[in-house]
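Got the viewer open? Let's take a walk through this model, one selection at a time.

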Amino acid sequence: METIITSKIVLTPLIPLVTALLIMASKNKPNLRETWSVCGAVLTFLSVVYFLPRLLGGGSYQYTMFTLYPGVSVKFQLDGLGILFAGTSSFLWIMAGFYCVGYMRGLDEHAQTRFYFCYAVAVGGAMGAAFSANLFTLYLFYEIVSIFTYPLVAHHQDEEGYFGGRKYIVYLMFASKAFLLPAMVLVYVQCGTLDFAIGNVATGIFPHTAAPLLVKMTYILCIFGFAKAALMPIHGWLPAAMVAPTPVSALLHAVVVVKVGVFSVARVMLSVFGVNLLNQLGLGIFTAYLASFTIIVASMIALTQNNLKMRLAYSTVSQLSYIILGVAMLTPNSITGGIIHITNHAFAKITLFFCAGAIFVATHKKNVSDMGGIGWNMPFTMVAFGLASLSMIGVPPVSGFVTKWFLALGTLDIHNTILLTVILVSSLLNAGYFVPVVYTSFFGKRTPGDNPSTGFIEGSPLIMFMVIPLFFTAVASVLFGIYPDLFLKIINLMVVR
């Protein structure tokens with residue numbers, strides 16, 4: 001099927017931006033403001049679904065808004081990687097829209113209009129990145145995400161919030177300016193264009209005459225320029241950003257920010273450099289070992305964290321590198337495992353952060369050691385936490401198992417026992433920092449001053465606004481593990497076996 005040139009493709013990133021304006025216009029009407037947020041999320045998701053049938057049939061969409069210079073334009077196009085990321089992020093925005101009502105009202109947070117406005121714009125940036133047809137367009141929307149998530153990280157406007165916000169924006173903006181911009185110049189000089197080779201992950205866009213040393217330099221700049229991927233040692237911004245409200249942490253770790261990072265790295269590896277060139281220059285295996293180091297070290301740090309959100313933050317640093325590891329092994333199985341983890345990790349991790357937020361709103365507890373017995377007071381929350389934890393560990397039939405199955409197959413394809421060992425050991429480490437949380441919540445000792453007769457506390461309307469979305473995403477993690485067929489079909493649009 002042919003490529004359709006249509007401006008309809010611009011609607012998906014435009015809807016969240018219009019939603020943000022409606023939210024701002026409704027600042028004195030909280031109910032209407034929150035309704036706009038949820039409606040905008042639903043429309044964004046439906047707009048993504050609209051493009052799916054034609055993509056599954058082998059067709060594609062493309063549209064160029066304007067050209068700045070030959071080979072440099074603001075251009076949109078869809079493929080399997082883009083629609084998987086866009087569909088995952090837009091759907092989880094719906095869940096977050098409902099959750100935010102319970103969280104923000106439950107804690108009577110200030111500046112709620114600003115919060116919802118920036119949230120919507122950040123999702124719009126993610127949609128633009130997902131639909132980008134070239135490196136220039138991707139860079140523009142990547143920066144939009146960075147700029148409009150800064151007020152969310154610094155939301156509390158206290159000393160801790162400003163410190164976390166500064167660290168967040170300095171890391172991300174410095175990396176994009178110091179590394180990514182020079183990389184774009186080098187790509188253009190060598191290739192004469194910034195357009196992705198969408199639909200052809202084998203060859204990329206570099207000519208055969210490109211100097212290997214210059215290609216390697218360009219690649220390193222690209223990998224570290226996308227600091228949102230949180231590869232060590234440029235991961236420090238992510239734990240620092242945990243000062244933000246929990247819905248923001250969910251946005252950072254599941255829906256938008258880090259996913260834009262790993263999506264961008266995967267896009268550049270597959271659609272700029274290509275599998276053949278990365279194999280030829282040994283850049284794939286180099287990246288795989290770098291990701292493996294991040295996976296193991298971040299998991300070990302997570303074991304030491306008592307604060308639940310910090311434990312989840314270092315878990316995210318580790319889990320993101322599964323995506324990069326899969327793509328870096330450069331086999332159809334491994335790339336499938338890496339890309340499908342964009343969705344699998346998103347649903348599990350947003351569940352975990354939603355649970356942490358619900359616990360804080362209901363009990364004001366932040367530390368794992370203080371959560372003894374809360375499983376009996378918040379059973380739906382802690383069961384959801386347990387299901388999402390199983391996905392992170394990779395236990396069948398939850399979706400995380402599908403990820404690790406394909407990653408393991410990828411290590412066998414390239415006969416690399418070191419990387420296979422990394423996957424197995426990291427799964428044990430995952431269990432080491434998730435299982436104690438669930439165990440403590442049901443069988444741990446209550447902290448002094450706790451009232452054991454508190455009983456079931458998930459029944460209030462505001463808590464239910466949080467519990468229903470988190471339980472839904474937890475169940476979805478199980479269903480996606482049992483029925484991953486749709487996601488695999490989407491991935492197969494770009495990964496030829």
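Select Leu181 first, and you'll land in helix α6, residues 159-191. Keep in mind as you look around that this is a predicted model. Is Leu181 buried, exposed or something in between? Its relative accessibility is 32%, so Leu181 counts as partly exposed. Show what surrounds it: setting aside neighbours up to four places away in sequence, Leu181 is in contact with Tyr139 and Ser176. Now add Ala41 to the selection; Leu181 and Ala41 are 140 residues apart along the chain, and their C-alpha atoms are separated by 32 Å.

**Next stop: Arg105**

Jump to helix α3, residues 80-106, and pick out Arg105. Arg105 has a relative accessible area of 32%, so it is partly exposed. Which residues does Arg105 touch, leaving aside those within four places in sequence? Light up Pro30, Asn31, Glu34, Cys100, Gln112 and Leu462, and you have its contacts. Then try Met464: it sits 359 residues away from Arg105 along the chain, yet the C-alpha atoms of the two are separated by 12 Å.

**The sheet**

Time for some strands. Select β1, β2 and β3: these three strands make an open sheet, in the order β1-β2-β3, with mixed pairing. Strands of a sheet pair through backbone hydrogen bonds, and they can do so parallel or antiparallel. Look at the edges, where you'll find β1 (3-5) and β3 (72-77); each has a single partner strand, so one side of each has no neighbour in the sheet. Averaged over the sheet, neighbouring strands are turned by 30° against each other, ignoring direction.

Now take the pairs in turn. β1 and β2 run parallel and are joined by three bridges. To see one of the matches, select Ile5, whose bridge partner in β2 is Gln62.

On the other side, β2 (residues 60-69) runs antiparallel to β3, and six bridges join the two. Try Tyr63, which stands opposite Phe76 in β3, then Tyr69, which stands opposite Val72. How many residues lie between β2 and β3 in their hairpin? There are two, and Gly71 in the turn has a positive phi of about 90°.

Before leaving the sheet, switch on helix α5, residues 135-153. Helix α5 lies across β2 and β3, and runs at about 80° to β3.

**Two helices side by side**

Packed helices can be described by two things: the angle between their axes and the distance between those axes. Select α1 (residues 11-25) along with α4 (residues 112-130); their axes come within 7 Å and cross at roughly 170°. An angle over 145 degrees counts as roughly antiparallel, so that is how α1 runs relative to α4. The residues in this contact divide into 13 nonpolar, five polar and no charged. If you want to colour the meeting surfaces, choose on the α1 side residues including Pro13, Leu17, Leu21 and Met24. On the α4 side, go for residues including Tyr116, Phe117, Val121 and Met127.

**Helix α12**

Move along to α12, residues 283-303. Its 21 residues reach 31 Å from the first C-alpha to the last, close to the 30 Å expected at 1.5 Å a residue. Among its buried residues are Leu283, Thr287, Leu290, Ile295 and Ala302. What covers the buried residues of α12? Show α7 (212-225), α10 (257-273), α11 (275-281), α13 (308-328) and α18 (417-443), which are among the elements doing so.

**Last stop: helix α16**

Finish at α16, residues 379-393. At 1.5 Å a residue its 15 residues should span 21 Å, and the end C-alpha atoms are indeed 21 Å apart. The buried residues of α16 include Met382, Phe385, Met392 and Ile393. For the surroundings, display α13, α14 (332-363), α15 (374-377), α17 (399-413), α18 and α19 (461-482), against which the buried residues of α16 pack.

Zoom in on Ser389, which belongs to this helix. Buried or exposed? Ser389 has 3% relative accessibility, so it counts as buried. Not counting residues up to four places away in sequence, Ser389 touches Leu352, Phe434 and Val438. Finally, step just past the end of α16 to Gly394, which takes a positive phi of about 100°.

Technical notes:
Residues numbered from 1 in each chain as written. Predicted model: local features only at pLDDT ≥ 70, side-chain atom pairs only at ≥ 80, totals over all residues. Heavy atoms only, no water. Helix = DSSP H or I, 4+ residues; strand = E, 2+ residues; numbered from the N terminus. Expected span 1.5 Å × (residues − 1). Buried < 20%, exposed > 50% of the residue type's maximum accessible area, 1.4 Å probe, protein only. Contact = heavy atoms within 4.5 Å. Axes fitted to C-alpha atoms, helices over the stretch in contact; angles between N-to-C directions. Parallel < 35°, antiparallel > 145°, perpendicular 65-115°, else oblique. Nonpolar A, V, L, I, M, F, W, Y, C, P; charged D, E, K, R; others polar. Pairing = 2+ DSSP bridges.
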